[in-house]
Amino acid sequence: MAEVHVEKKTAGRMLQPATGYLTGFTHSLNPYIGCAFGRPVDNLGRDTVGCPYCYVRRLPVALLHPKPWGTWVTVKEGAPERLRRELRRSRARGETLRIFLGSSTDPYQPVEGRWKITRELLRVIAEEGGVDQLVVQTRSPMVLRDVDLLRALGKKVRVSLTVETDDEKVRRLLTPTSPPVSGRLRALARLRRAGVPTQAAVSPVLPMNPDRLARLLAEAADRVVLDTFHLGDGSGGKRSRLLGMPRRLEAAGYEGWFDPDLHLRLIPIFVGILGPGRVGLGAAGFAGMNLTSPPHHRGE
């Protein structure tokens with residue numbers, strides 16, 4: 001795999017106003033800039049990268065950087081102290097804080113093992129209070145390291161762990177830098193047993209056995225959020241097209257998995273196994289809303 005260059009910068013504002021897809025949140029929070037899960041995988045072909053569908057690849061933070069996305073990560077030095085000051089100001093103003101941690105980076109990518117910025121941000125939030133909701137979005141079982149702080153946050157926190165597929169072949173083909181599916185399922189189950197609120201983010205939906213994945217997630221997580229390329233890339237699928245996802249899926253024999261109405265085939269299966277109170281869809285699902293009735297096909 002390609003080498004990842006670690007850069008450092010003094011942290012600026014940590015709590016950024018939530019925009020676009022994060023409609024159910026007031027702020028986003030990112031401990032790093034860049035994400036090593038997106039790095040190229042040299043031994044799997046010249047066009048193979050981790051998380052090729054990541055919408056951040058089409059944002060200025062990635063397009064304007066001189067190095068390819070995934071080959072660099074910027075550590076925000078002083079981030080915990082900066083966040084502490086911002087939380088105190090917010091509390092003094094009586095503001096509501098619903099924070100999405102990990103909107104443009106994975107807070108538990110490999111560099112977190114050394115720098116521990118995410119852990120210290122969680123410690124500050126636990127110590128300062130004043131946060132109404134915190135969703136921690138990751139694809140890494142490293143989140144288990146911080147179960148002590150997550151438990152201290154009680155019902156105000158929810159760990160959202162990405163599980164896009166139940167198929168290791170698909171995982172190795174389309175997102176080869178991500179941890180194995182089995183490890184993520186075990187992490188969800190351990191968090192749940194520890195009393196930490198959990199959700200599995202099937203985001204984006206990748207080729208899978210829907211019945212099997214729904215049953216696995218019913219055992220491992222409190223709830224599930226389904227999110228497709230068209231629902232979740234912030235542009236109705238345009239960014240995913242620019243990233244070549246239709247071509248990648250077709251080349252692997254999975255052309256039907258870029259269907260704009262894919263979620264309509266999956267929802268009855270997941271709701272049938274988990275129940276309507278445990279399944280969310282798209283942006284509303286990430287904000288904690290569950291499906292109460294099945295969505296309609298386009299044009300109905």
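## Sheet, helix and aromatic contacts in a predicted model

C51 is buried, with a relative accessible area of 7%. This residue sits in the loop that runs between β4 (32–33) and α1 (60–63), and its phi is positive, at about 45°, although C51 is not a glycine. The model described here is a predicted one, and the values below are to be read as properties of that model. Most residues other than glycine have a negative phi, and most peptide bonds are trans. A second non-glycine residue with a positive phi is K116, for which the angle is about 55°; K116 lies in the loop between α3 (112–115) and α4 (117–128) and is partly exposed, with a relative accessible area of 35%. The peptide bond from S203 to P204 is cis, with omega near -10°, and P204 belongs to the loop between β9 and α8.

The sheet is open and contains eight strands, which follow one another in the order β2-β3-β6-β7-β8-β9-β10-β11 with mixed pairing. Its edges are formed by β2 and β11, each of which pairs on one side only. Strands of a sheet pair through backbone hydrogen bonds, either parallel or antiparallel. The pairings from β8 to β11 can be followed in turn. Strand β8 (residues 157–162) runs parallel to β9 and is joined to β9 by four bridges, with V159 having T198 of β9 as its bridge partner. Strand β9 (residues 198–202) is in turn joined to β10 by four bridges, again in the parallel sense, and here A201 has V225 of β10 as its bridge partner. Between β10 and strand β11 (residues 279–281) there are three bridges, and this pairing is also parallel; in it, L226 stands opposite L281 of β11.

In a regular strand the side chains alternate between the two faces of the sheet. Strand β10 (residues 223–226) is covered on both faces, since R223 and V225 on one side are buried, as are V224 and L226 on the other. The connection that leads to this strand involves helix α8 (residues 210–220), which together with β9 and β10 makes a right-handed β-α-β unit. Helix α8 also contains R212, a residue that is partly exposed, with a relative accessible area of 42%.

Helix α12 (residues 262–274) has 13 residues and, at 1.5 Å a residue, should span 18 Å, which agrees with the 18 Å between its end C-alpha atoms. The buried residues of this helix are L262, H263, L264, L266, I267, F270 and L274. Because these buried residues cover an arc of only 160° around the axis, they lie on the same side of α12. They pack against α8, β10, α9 (229–232) and β11, whereas P268 and G272, on the other side of α12, are exposed. G272 and R212 are 12 Å apart in space, C-alpha to C-alpha, although they are separated by 60 residues in sequence. Just after α12, G275 takes a positive phi of about 95°.

A pair of aromatic rings is described by the distance of the centres and the angle of the planes. The structure holds six aromatic pairs, and two of them are set out in the table.

| Aromatic pair | Centre to centre | Angle between planes | Geometry |
|---|---|---|---|
| Y21 and F286 | 6.1 Å | 65° | edge-to-face |
| F25 and F100 | 5.2 Å | 80° | edge-to-face |

Y21 lies in the loop between β2 (16–17) and β3 (27–29) and F286 in helix α13 (residues 282–286), so their pair ties together parts that are 265 residues apart in sequence. Of these two residues, Y21 is partly exposed, with a relative accessible area of 24%, while F286, at 6% relative accessibility, counts as buried. The pair of F25 and F100 likewise links distant parts of the chain, with F25 in the loop between β2 and β3 and F100 in strand β6 (residues 98–101), 75 residues apart. Both F25 and F100 are buried. Y21, F25, F100 and F286 form one aromatic cluster.

Key: Residues numbered from 1 in each chain as written. Predicted model: local features only at pLDDT ≥ 70, side-chain atom pairs only at ≥ 80, totals over all residues. Heavy atoms only, no water. Buried < 20%, exposed > 50% of the residue type's maximum accessible area, 1.4 Å probe, protein only. Helix = DSSP H or I, 4+ residues; strand = E, 2+ residues; numbered from the N terminus. Pairing = 2+ DSSP bridges. Right-handed = clockwise from strand over helix to strand, strands pointing away. Phe/Tyr/Trp six-rings, centres within 6.5 Å; stacked < 30°, edge-to-face > 60°. Expected span 1.5 Å × (residues − 1). Arc of directions from axis to C-beta. Contact = heavy atoms within 4.5 Å.
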